[in-house]
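Work through these exercises with the structure open beside you. Try each task before you read its solution.

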Amino acid sequence: SNINYINSLNNNLKRYKKIFYICGISSIIVWKCDNLFCDYININNIYFNGHAIWHVLTSILLYYINMIMLTHLRILQWYVIN
């Protein structure tokens, strides 16, 4: 059961890191597109609000940074206790 617990934490950690990288790369791409093509995207009263999307993606990114740190802490605490 102890090995299953560590394996589940490691699986969660892999999932958190995957989402972290996807949100990080996506937020950088959205931010750069918003800065470079802001005048070209806003045509015919259709506005691309890349800054708002960037805020949402970085908020998700910060949540998963926190989850990664907490999962690492749980793994370290398990090794110290056992």
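**Exercise 1.** Find the residues in contact with tyrosine 16, leaving aside its neighbours within four places in sequence.

*Solution.*
Step 1. This is a predicted model, so work from its computed coordinates.
Step 2. Apply the cut-off: contact means heavy atoms within 4.5 Å.
Step 3. Read off the partners of tyrosine 16: Tyr64, Met67, Ile68 and Thr71.

**Exercise 2.** Which residues make up the largest nonpolar core, and which helix gives the most to this core?

*Solution.*
Step 1. List the members. The core has nine residues: Ile6, Leu9, Leu13, Tyr16, Tyr64, Met67, Ile68, Ile75 and Trp78.
Step 2. Assign them to helices. α1 covers 2-41 and α2 covers 50-81, and each supplies at least two residues of this core.
Step 3. Pick the top contributor. That is α2, with five residues.

**Exercise 3.** Is methionine 67 buried or exposed? Place it in the fold as well.

*Solution.*
Step 1. Locate the residue. Methionine 67 sits in helix α2.
Step 2. Recall the cut-off: buried means under 20% relative accessible area.
Step 3. Compare. Methionine 67 has a relative accessible area of 15%, so it is buried.
Step 4. Look across to lysine 17. Methionine 67 and lysine 17 are 50 residues apart in sequence, and their C-alpha atoms are 9.2 Å apart in space.

**Exercise 4.** Describe threonine 58: its helix, its burial and its side-chain partner.

*Solution.*
Step 1. Threonine 58 belongs to helix α2.
Step 2. Its relative accessible area is 16%, so threonine 58 counts as buried.
Step 3. Follow the side chain. From threonine 58 it reaches the backbone oxygen of tryptophan 54 at 2.9 Å.
Step 4. Set it among the other buried residues of α2. The full list is Gly50, Leu57, Thr58, Leu61, Tyr64, Met67, Ile68, Thr71, Ile75 and Trp78.

**Exercise 5.** Classify isoleucine 22 and serine 26, then relate each to leucine 57.

*Solution.*
Step 1. Isoleucine 22 lies in helix α1. Serine 26 is in helix α1 too.
Step 2. Use the cut-offs: exposed is over 50%, and partly exposed falls between that and the buried limit of 20%.
Step 3. Isoleucine 22 has 52% relative accessibility, so it is exposed. Serine 26 has a relative accessible area of 27%, so it is partly exposed.
Step 4. Take the C-alpha distances. Isoleucine 22 and leucine 57 are 9.4 Å apart in space and 35 residues apart in sequence. Serine 26 and leucine 57 are separated by 7.5 Å, with their positions 31 residues apart along the chain.

**Exercise 6.** How many helices and strands does the protein have, and what is its overall shape?

*Solution.*
Step 1. Count the elements: two helices and zero strands.
Step 2. Check α2. Its 32 residues reach 46 Å from first C-alpha to last, close to the 46 Å expected at 1.5 Å a residue.
Step 3. Check the spread. The radius of gyration is 19 Å, whereas a compact globule of 82 residues would have one near 12 Å.
Step 4. Read the spans. Along its principal axes the C-alpha trace covers about 65 × 15 × 15 Å.
Step 5. Turn to burial and surface. Of the 82 residues, 23% count as buried. The protein exposes about 6,400 Å², and carbon and sulfur atoms supply 65% of it.
Step 6. Finish with contacts. Among those with a separation of 6 or more, 77% join residues 24 or more positions apart.

Note on methods
Residues are numbered from 1 along each chain as its sequence is written. This is a predicted model: local features need pLDDT of at least 70, side-chain atom pairs count only at pLDDT 80 or more; totals for chains, interfaces and linings use all residues. Side-chain values use heavy atoms; hydrogens and water are left out. A nonpolar core is a set of buried Ala, Val, Leu, Ile, Met, Phe, Trp, Tyr and Cys residues joined through side-chain atoms within 4.5 Å. Buried means under 20% relative accessible area, exposed over 50%, partly exposed in between (1.4 Å probe, protein chains only). Helices (H or I, at least four residues) and strands (E, at least two) are DSSP runs, numbered from the N terminus. A polar contact is a pair of N or O atoms within 3.5 Å; within protein, one must be able to donate a hydrogen and the other to accept it, and residues adjacent in sequence count only if both atoms are side-chain atoms. The expected span of a helix is 1.5 Å times one less than its number of residues. The radius of gyration is taken over C-alpha atoms; the globule rule is 2.2 Å times the number of residues to the power 0.38. Accessible areas come from the Shrake-Rupley method with a 1.4 Å probe; for residues, only the protein chains shown count as cover.
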